[in-house]
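I set out to record, entry by entry, what I looked up in this structure. The notes follow the order in which I worked.

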Amino acid sequence: MPQTRTSGDLGFRIGTGLFGFVVIAIVGMIAFELTRQSLPTIQKFGLNFWRTQTWDPIAGQFGALPFIWGTLYSSILALAIAAPIALGIAVFIAELCPARIQRPLVFLTELLAAIPSIVYGLWGVFVLVPAVRALETSMPEVLRRLPIFSGPARGVGMLSAALILAIMVVPFTSSVAREVLKSVPNTQREGAYALGATRLEAIRAALFYARTGILGAVMLGFGRALGETMAVTMVIGNDPNVTASLFAPQYTMAAVLANEFSEAADPLHLSALVEIGLVLFTITLIVNLLSRLLIWSMARSARGPAVATATQAAAA
Amino acid sequence: MKSKLLVTTGCVVALVAGTAAQQRALINGAGATFPNPIYSKWFDEYHKMHPDVAINYQSVGSGAGIRQITSQTVFFGATDGPMTSEQLLAAPGKIFHFPTVLGAVVPVYNIPNVRAELKFSGPLLADIFLGKVTKWNDPAIAKLNAGATLPATDITVVHRSDGSGTTYIWVDYLAKVSPEWKNKVGVGQSPNWPAGIGGKGNEGVSGLVTQTPGAIGYVELIYALQNKISYGPVQNMAGEFVKATVESVTAAAAEAVAKMPPDFRVSITNAPGKSAYPISSFTWLLLYENPKDKAQSKVMVDFMKWALGDGQKLAAGLGYAPLPDGVVKLELAQLAKVKVS
Amino acid sequence: MSRTTRRKMLSSAFVGFCALSVLLALVPLALVLFFVISQGIRAINLDFFTQMPKPVGEPGGGMANAIVGTLILAGLGSLLAVPIGVVSGIYMAEYAGTRIASLIRFAADTLNGVPSIVIGVFVYGIAVLPFKQFSAMAGAIALGVMMIPIIARTTEELLLLVPLTMREGALALGATRARAVFTVVLPATLPGIITGVVLALARIAGETAPLLFTALNNRFFSTSLRQPISSLTVQVYNYAQSPYDDWHRQAWAGALVLVTIVLLCSLMARLATYRLESMHRQ
């Protein structure tokens, strides 16, 4: 686009640029504030903050390992459940279903994303947790001896949290994966069919072509799961615990922030919580960045920048 | 375009109407969930008597109450665990503790098919919360409850996930009756719990206990009463099994009245006396001696005078014990020191 | 079994799996909606929309203050987010390809991915602590910050879709950049921008975490910006964790109202997008 430089245009550029700069400034301020307010614990504990398990505000001992464990465990578990389902939905809508029901199906899956977190939490407390408790109690003894199913059946715990996270993550991953699949050139599929492929094999060719974008979609869901707060804190039991047991109550970084932040009277306690916020911020930043790079690189090579931005929009 | 215009106009109208009607004073306070039932009743009644005053109390936990009043993001705080000397020093001005009512923390439990009232002793409660006693049919529980059929259900300990004065009262008692608890966990509003799941507020704990079979937790008496959760008598220092009632809580405060420290920060857990309920406590409202907003200070002082007088009559109806007269007299003297102009 | 038959069977199984996935996703959706509607409908009455909360343990009362609070917070948040978001989007579209535009895009995407609780912690530090006051303003800032990236990106997308001819036509007639954008290009994309705003509203209407440390909550009816304000989400959260049946019922009613608001917004946004897509495909 030719750029006619008049003073009016320069004013326009600077004016609009300032607004854009506000966005950059906000992100910068978040990073700055989080770091500044967590300096006391950064200085006092250093790297041990990430290795110690004890979270004891009375004694002034702060180790964030249980929260990192809880966050990663719940998110990875949620992803393991959600990714195949989300991809199945994406494939179904993009490749398999008749055009007539495509739009309603898209709308329905996005409805899942629209339900507020607190409503999922409410449903979790009154419906999911009793169901999970019933499931846990009815598990045969021989399975209960495995460490992953050990412990009393309470309902609240890692299993409930992972299930609710999975439900919340599915629509994000599936909508981005769907856009990614749509951007795969038809020539890929047609070539496969020309060679006598079955439905599955042709789709597999498309999936292979879109693999980085799909990975990006999955990671985007992961990023979403990492930061989820309300639904998780209402069903996870809120007990800092590093254990593989699905039945045990555990704690995530977002949940401990929600529970303890407004009351941490001791400056060290407050600083420890803010540091947890800083870590959460950093992890989600990295995950989101990677996922967008993956999606972008795939979509760009497929069709060009216009499609890349459309896919980015779907991920927004 | 139309919808955006509509929303903006609606908001502007609401704001204008709101600020026009907003001639009344709004005072914000935050703190303990322990006295939330009586405080919300009090503030409601006071608002009925003085429609131009609205006192907005948010029960976010004692820990939050202390932090918010220290950072002055609220005008008054409320806590069941008195502020420590360090916390008082950290505040930008002198803070007074005002006991408002007496309450009890009771052990609540939910055991399927057990209707009988279970008796508890201090050491037993400590062992349960330490995670040493894990099943309801443990011999330690059976010993105190001969005749009750106890199932082999797992015990699920429910504690607070937020910083809590109710917790403070509970662990203060446990530390007095169990040296192991004192050494291992200690006393404070956010202890490092050896076992159990966390609920937010007295409300959260009652909710979890009612919904989890085999659960045991600790809540302020009124939450057990209003929610019809089973709670049992606890053995006091004199060896008697006493259930929490207005009388037994008042009995626990009897000795403290005579020896009340000038700043009113006193613990009455494990009180002596045959009819004393061992897990009783004062709950305090926190006010600055010299707050910046004198108009709000005037309102709060007036409210406190009412609460310490007529307000006490509402206490028993909600399961709290009214303050002894001697304590009220001392408080009114401290109230006079709060600057209102 | 011949290889072909096996391949065909695998293919059918795969198709079946995909269809099953769709069902698996729809089941929780149906369950959640069913529960919210069935439980919420019972508690929805005129009282719910007109009454204030009653003291702890007393039955009755409603969430009138919370509903108004949510509307105020959302409205105010939009007032903050729309100018910043739209104008940033304009910059990103008009100067696409420059380093600064890429930086803004990166910042917007980052902001989009920040967990809402972290935003709450941040806004507490800059808008609550310095003023020593929980306030509706702080809550609105938190929600507004979350809305900015959605509005910015949507605006950028739409502006990029506008045919070059329109822009060049304006410039050829001697308009400055500013004029071209504001009088020709932007009006063409207005429906889309509104869609973006509605989408952003849908996103923040259901947020609880950032409001916990900014707007706090308020038992009374308050529209003052410098005081704590009630909101549907925080009220539902408080009631859900209580032991009182009456409060549970009201929590479901609040959830129903929330879900209705969010779904209506999403529906409007989706319908508008379809219309836009069909317009641009010509």
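**Entry 1: chain C**

I began with chain C, which has 11 helices and zero strands. Read from the N terminus on, the elements of chain C therefore run α-α-α-α-α-α-α-α-α-α-α. I note here that the model is a predicted one. Along the principal axes, the C-alpha atoms of chain C fill a box of roughly 70 × 70 × 35 Å. I then looked up burial and found that 61% of the 282 residues of chain C count as buried.

**Entry 2: the largest cavity**

Next I looked for enclosed space. Rolling a probe the size of a water molecule over the atoms shows where empty space is left. How many cavities of 30 Å³ or more does the structure hold? I noted nine. The largest cavity has a volume of about 510 Å³.

I asked which residues lie nearest the centre of the largest cavity. They are B:Q58, B:S59, B:V60, C:N217 and C:N238, out of a lining of 30 residues. I then sorted the lining of the largest cavity by element. At least two residues each come from α2 (36-49), β2 (53-59) and α9 (201-211) of chain B, and also from α10 (232-240) of chain C. Of the elements, α10(C) gives the most to this lining, with five residues. By residue type, I recorded 13 nonpolar, 12 polar and five charged residues in the lining of the largest cavity.

**Entry 3: the second largest cavity**

I turned to the second largest cavity, whose volume is about 240 Å³. Its lining has 18 residues, and A:V125, A:M234, B:G204, B:L208 and C:Q241 lie nearest its centre. Two or more residues of this lining are given by each of α5 (117-137) and α11 (230-235) of chain A, and by each of β6 (197-199) and α9 of chain B. Which element supplies the largest share of the lining? I found that α9(B) does, with four residues. The lining of the second largest cavity divides into six nonpolar, 10 polar and two charged residues.

**Entry 4: helix α9 of chain B**

Since α9(B) had come up in the lining of the largest cavity and in that of the second largest cavity, I looked up its burial. Nine of the 11 residues of α9(B) are buried, so this helix is largely enclosed by the rest of the structure. I listed the buried residues of α9(B) as B:G201, B:N202, B:E203, B:G204, B:V205, B:S206, B:G207, B:L208 and B:V209.

**Entry 5: salt bridges**

My next subject was charge pairing. Side chains of opposite charge can pair when their charged atoms come close. Over all chains I noted a count of 23 salt bridges.

One of the pairs I looked up is C:R7 with A:E201, whose side chains meet at 2.8 Å, N to O. C:R7 lies in helix α1 (residues 3-43) of chain C and A:E201 in helix α9 (residues 199-209) of chain A, so this salt bridge joins two chains. Is C:R7 buried, exposed or partly exposed? With a relative accessible area of 23%, C:R7 is partly exposed. A:E201, at 22%, is partly exposed.

Within chain B, I recorded a salt bridge between B:K132 and B:D127, the closest N and O atoms being 3.6 Å apart. B:K132 counts as partly exposed at 46% relative accessibility, and B:D127 is partly exposed at 23%.

B:D172 and B:K176 form another salt bridge, at 3.8 Å, N to O. These two residues are four residues apart in helix α7 (residues 165-177) of chain B, and are thus separated by about one helical turn. An α-helix has 3.6 residues a turn, so residues three or four places apart point the same way. B:D172 counts as buried at 11% relative accessibility, whereas B:K176 is partly exposed at 42%.

I also noted a network of salt bridges that links A:R292, C:R105, C:D109, C:R153, C:E156 and C:E157.

**Entry 6: a nonpolar surface patch**

Last, I looked up the surface. A:L10, A:I14, A:L18, A:F19 and A:F21 make a nonpolar surface patch of about 500 Å². From this patch I followed A:F19, which lies in helix α1 (residues 7-37) of chain A. A:F19 counts as partly exposed, at 32% relative accessibility.

Technical notes: Residues are numbered from 1 along each chain as its sequence is written. Chains are lettered from A and ligands numbered from 1 in the order in which they are written. This is a predicted model: local features need pLDDT of at least 70, side-chain atom pairs count only at pLDDT 80 or more; totals for chains, interfaces and linings use all residues. Side-chain values use heavy atoms; hydrogens and water are left out. Patches are made of residues with over 30% relative accessible area and no salt bridge: like charges are joined within 9 Å, nonpolar side chains (Val, Leu, Ile, Met, Phe, Trp, Tyr) within 5 Å. Accessible areas come from the Shrake-Rupley method with a 1.4 Å probe; for residues, only the protein chains shown count as cover. A salt bridge is a side-chain nitrogen of Lys or Arg within 4 Å of a carboxyl oxygen of Asp or Glu. Buried means under 20% relative accessible area, exposed over 50%, partly exposed in between (1.4 Å probe, protein chains only). On a 1 Å grid over the protein atoms alone, a cavity is a set of points where a 1.4 Å probe fits but cannot get out, and a pocket is an open set with protein on both sides within 12 Å along at least five of seven lines; lining residues have an atom within 4 Å of a point. Grid points are joined across faces, edges and corners, and a volume is the space filled by probe spheres set on the points. Ala, Val, Leu, Ile, Met, Phe, Trp, Tyr, Cys and Pro count as nonpolar, Asp, Glu, Lys and Arg as charged, and the others, Gly among them, as polar.
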